[in-house]
Amino acid sequence: MYAVVPPAAYHILVLDDEPAILALVTNTLVKSGFTQISTCSSIAGARQCWHAQTGKFDLVLADFCLPDGWAPELLKDLLRHKPHLRIILMSGFSADDLGLDEELARHLDVLQKPFGPGELIHAVENGLQRLPIAPGEEL
């Protein structure tokens, strides 16, 4: 039997260049009990945050298109460092329209914009349930 892991145990990185989306996502996560949340508005900022936290993130919520690049390239790099990272890609396009390669697609879910708080929490919970290890751990 598996122990229930409280939301506060998970480390989440949120990456979006729209302040309103960052606020919606952060507020929704906090109201649902998630407390270890870092936010960034660029690929460069996400890389700095990742290294500052020594890759402790369990889940990344990322916008597809950012001012300094495409999230999939960053996400592939993060997966090289942490192969069991869960990813939710936020986009106005469907998963089929994004043209993601098969390797990356295995590690992520797509949350289509616009989305509400209920859809966000459902996607986060589904992603975290698929983690093969305890929050913050490395294989």
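# Exercises on a predicted model

What covers the buried residues of helix 1 (residues 19-31) includes strand 1 (11-15), strand 2 (36-40), strand 3, strand 6 and helix 6 (117-129). The model is a predicted one, and the exercises below work outward from this helix.

## Exercise 1. The two sides of helix 1

Task: find which residues of helix 1 are buried and which are exposed, and decide how the buried ones are arranged around the axis.

Solution.

Step 1. Start with the dimensions. Helix 1 has 13 residues and spans 18 Å from its first C-alpha to its last, close to the 18 Å expected at 1.5 Å a residue.

Step 2. Sort the residues by burial, where buried means under 20% relative accessible area and exposed means over 50%. Ile21, Leu22, Val25, Thr28 and Leu29 are buried in helix 1.

Step 3. Look down the axis. The buried residues of helix 1 fall within an arc of 145 degrees, so they line one face of the helix. An α-helix has 3.6 residues a turn, so residues three or four places apart point the same way.

Step 4. Turn to the other side of helix 1, where Pro19, Ala20 and Lys31 are exposed.

Step 5. Place the helix on the strands. Helix 1 lies across strand 1, strand 2, strand 3 and strand 6, and runs at about 180 degrees to strand 2.

Step 6. Follow the chain out of the helix. Gly33 comes after helix 1 and has a positive phi, near 100 degrees.

## Exercise 2. A loop residue

Task: Phe34 is found in the loop between helix 1 and strand 2. Is Phe34 buried or exposed, and which residues does Phe34 touch?

Solution.

Step 1. Compare the accessible area with the cut-off. Phe34 has a relative accessible area of 4%, and buried means under 20%, so Phe34 is buried.

Step 2. List the contacts. Leaving out residues up to four places away in sequence, Phe34 touches Pro7, Ala8, Tyr10, Ile12, Leu29, Ile121, Val124 and Leu128.

Step 3. Assign some of these partners. Leu29 is one of the buried residues of helix 1. Ile12 lies in strand 1 (11-15), while Ile121, Val124 and Leu128 lie in helix 6 (117-129).

Step 4. Take one pair in detail. Phe34 and Pro7 are 27 residues apart in sequence, and their C-alpha atoms are 4.8 Å apart in space.

## Exercise 3. Building the sheet

Task: work out the strand order of the open sheet and say which strands are at its edges.

Solution.

Step 1. Begin at strand 1. Five bridges join strand 1 to strand 2, and the two run parallel. Leu15 stands opposite Cys40 in strand 2.

Step 2. Go to strand 6 (residues 86-91). Strand 3 (residues 59-63) runs parallel to strand 6 and is joined to it by five bridges. Here Leu61 stands opposite Ile88 in strand 6.

Step 3. Cross to the next neighbour. Strand 6 also pairs in the parallel sense with strand 7 (residues 108-112), over five bridges. Ile87 has Leu108 as its bridge partner in strand 7.

Step 4. Assemble the order. Five strands form an open sheet in the order 2-1-3-6-7, with parallel pairing. Strand 2 and strand 7 are the edge strands, each pairing on one side only. The twist averages 20 degrees from one strand to the next.

Step 5. Check the cover on strand 6. Six of its six residues are buried. Arg86, Ile88 and Met90 are buried on one side, and Ile87, Leu89 and Ser91 on the other.

## Exercise 4. Helix 2

Task: describe the buried side of helix 2 (residues 43-52), and state what covers it.

Solution.

Step 1. Name the buried residues: Ile43, Gly45, Ala46, Cys49 and Trp50.

Step 2. Find their arrangement. Seen down the axis of helix 2, the buried residues fall within an arc of 155 degrees, so they line one face.

Step 3. Look at the face turned away from the buried side. The exposed residues Gln48, His51 and Ala52 are found there.

Step 4. Identify the cover. What covers the buried residues of helix 2 includes strand 1, strand 2, strand 4 (65-66), strand 5 (69-70) and helix 3 (71-81).

Step 5. Leave the helix. Thr54 follows helix 2 and has a positive phi, near 50 degrees.

Notes:
Residues numbered from 1 in each chain as written. Predicted model: local features only at pLDDT ≥ 70, side-chain atom pairs only at ≥ 80, totals over all residues. Heavy atoms only, no water. Buried < 20%, exposed > 50% of the residue type's maximum accessible area, 1.4 Å probe, protein only. Helix = DSSP H or I, 4+ residues; strand = E, 2+ residues; numbered from the N terminus. Pairing = 2+ DSSP bridges. Expected span 1.5 Å × (residues − 1). Arc of directions from axis to C-beta. Contact = heavy atoms within 4.5 Å. Axes fitted to C-alpha atoms, helices over the stretch in contact; angles between N-to-C directions.
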